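Work through these exercises with the model open beside you. Try each task before you read its solution.

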Amino acid sequence: MVGFHDCIKKSRDIPLTTRVRRLPLSFQNFALVLERARPVSKRVLVGSDRYPAIDEAETLGYETNILERVHKAKGSSPRKTKLSGGGGDKASRRSLYDQSSSSETNAQTSSERWVEQAVDEILHLKILESIVDTDTPSTIVLATGDAAQAEYSDGFLKMVDRALSKGWYVELVSFSSITSRAYTRKSFRDKWGSRFRIFELDIYAEYLLDL
C-alpha cells in the first residue's frame, strides 16, 4: 500500500510527504497481476488493517490473516533491522496517508507506539509450509519489496533464498520505490538466474485503483 500511494502521488505530481486518505485498491485487478490466469494452490494475505480490498481478497479465495497491533516501546525489536543498501524495507521510509488506515503510521511521539507484530513471520511460515509440503517445486509469487530481517525470523530475503535453493521459482512483485536493492544486487541475480524474477507494479498503478 505504501508503494501504491507513492506511485499514484508521483503520477499526479503530488509531493510524497503529502498526507492523503487511503486510496481504494482493486484486489481483483491486483490478483490478475499476481496470478496471470495460472492455476494456484495457495493464496495467502496477511496484514494489520481490514479495509474493502481485504474483503474482496477473501471472495477471491485468499486466506486472510488480519492481526491486531500491539503496544510496544520504540527500539524493542532489535532483530528488525534494515539491510545495508536496501531501498524498500519498511524501516527505511514511510509514506504519509490517512493515519486511521496507514500501516505503522500510528506511531506516537512518546516512547511507545502501536505496531504490527508477526505479520511478516506468518507469511514466512506459509512459504516454508509450501516448500516442505510440496513434493515438486513450483512457483512462489511474493508481493513485497521488503528484504529486512524480521523481529522473529530471518526475513523475506532469506525465505526467497531458501525457496530458490530447493528448486522453486520465485516472482517478486512490488513497486520500484519500495523494492530493496538486496533483490537487485548482481551477485544475487547471477546466483539464481531466470529462476528469480522481479515484476514492477508501477505500470499497473492506475489499473489497481478501484474507481
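**Exercise 1. A covered strand**

How many of the residues of β6 are buried? Find the strand's pairing partners as well.

Solution. Keep in mind that this is a predicted model.

Step 1. Count the covered positions. In β6, 5 of the 6 residues are buried, so the strand is mostly covered, where buried means under 20% relative accessible area.

Step 2. Look for one partner. β5 pairs with β6 over 4 bridges, in the parallel sense. Within this pairing, Leu142 stands opposite Leu172 in β6.

Step 3. Look for another partner. Strand β7 (residues 196-200) is joined to β6 (residues 169-174) by 5 bridges. These two strands also run parallel. Leu172 stands opposite Ile198 in β7. Glu171 has Arg197 of β7 as its bridge partner.

Step 4. Put Leu172 in place. Leu172 faces Leu142 and also Ile198 of β7.

**Exercise 2. The crossovers**

Trace the chain from β5 to β7 and state the handedness of each β-α-β unit.

Solution.

Step 1. Start at β5. With α5 and β6, β5 makes a right-handed β-α-β unit.

Step 2. Carry on from β6. Helix α6, residues 186-192, comes next in a unit that ends with β7. That unit is right-handed too.

Step 3. Set this in the whole chain. The protein has 7 helices and 7 strands. Their order along the sequence is α-α-β-α-β-β-β-α-β-α-β-α-β-α.

**Exercise 3. The cavity**

Which residues line the largest cavity, and what is their character?

Solution.

Step 1. Count the cavities. The structure has 1 cavity of 30 Å³ or more. The volume of the largest cavity is about 30 Å³.

Step 2. Name the lining. It is formed by Ile127, Ile140, Leu142, Met159, Val160, Ala163 and Val170.

Step 3. Assign the lining to elements. β5 (139-142) and α5 (156-165) each supply at least two of its residues. α5 gives the most, with 3 residues.

Step 4. Sort by character. The lining has 7 nonpolar residues, no polar ones and no charged ones.

Step 5. Link back to the first exercise. Leu142 lines this cavity and also stands opposite Leu172 in β6.

**Exercise 4. Two helices near the start of the numbering**

Find what the buried residues of α1 and α2 pack against, and check the residue after each helix.

Solution.

Step 1. Take α1, residues 2-11. Of its 10 residues, 8 are buried. They are Val2, Gly3, Phe4, His5, Asp6, Cys7, Ile8 and Lys9. These buried residues pack against α7 (205-208).

Step 2. Take α2, residues 27-35. Its buried residues include Phe27, Phe30, Ala31, Val33, Leu34 and Glu35. The buried residues of α2 pack against β1 (44-47), α3 (52-59), β5, β6 and α7.

Step 3. Combine the two. α7 is packed against by buried residues of α1 and by those of α2.

Step 4. Check the backbone. Asp13, just after α1, has a positive phi of about 55°. Arg36 follows α2, and its phi is positive, near 50°.

**Exercise 5. The whole protein**

What share of the residues counts as buried? Ask also how far apart in sequence the contacts reach.

Solution.

Step 1. Take burial. The protein has 211 residues, and 42% of them count as buried.

Step 2. Take contacts between residues at least 6 apart in sequence. Of these, 74% join residues at least 24 apart.

Definitions and conventions. Residues are numbered from 1 along each chain as its sequence is written. This is a predicted model: local features need pLDDT of at least 70, side-chain atom pairs count only at pLDDT 80 or more; totals for chains, interfaces and linings use all residues. Side-chain values use heavy atoms; hydrogens and water are left out. Two strands pair if DSSP finds at least two bridges between them. A crossover is right-handed if, with the strands pointing away from the viewer, the path from the first strand over the helix to the second runs clockwise. On a 1 Å grid over the protein atoms alone, a cavity is a set of points where a 1.4 Å probe fits but cannot get out, and a pocket is an open set with protein on both sides within 12 Å along at least five of seven lines; lining residues have an atom within 4 Å of a point. Grid points are joined across faces, edges and corners, and a volume is the space filled by probe spheres set on the points. Ala, Val, Leu, Ile, Met, Phe, Trp, Tyr, Cys and Pro count as nonpolar, Asp, Glu, Lys and Arg as charged, and the others, Gly among them, as polar. Buried means under 20% relative accessible area, exposed over 50%, partly exposed in between (1.4 Å probe, protein chains only). Contact means heavy atoms within 4.5 Å.
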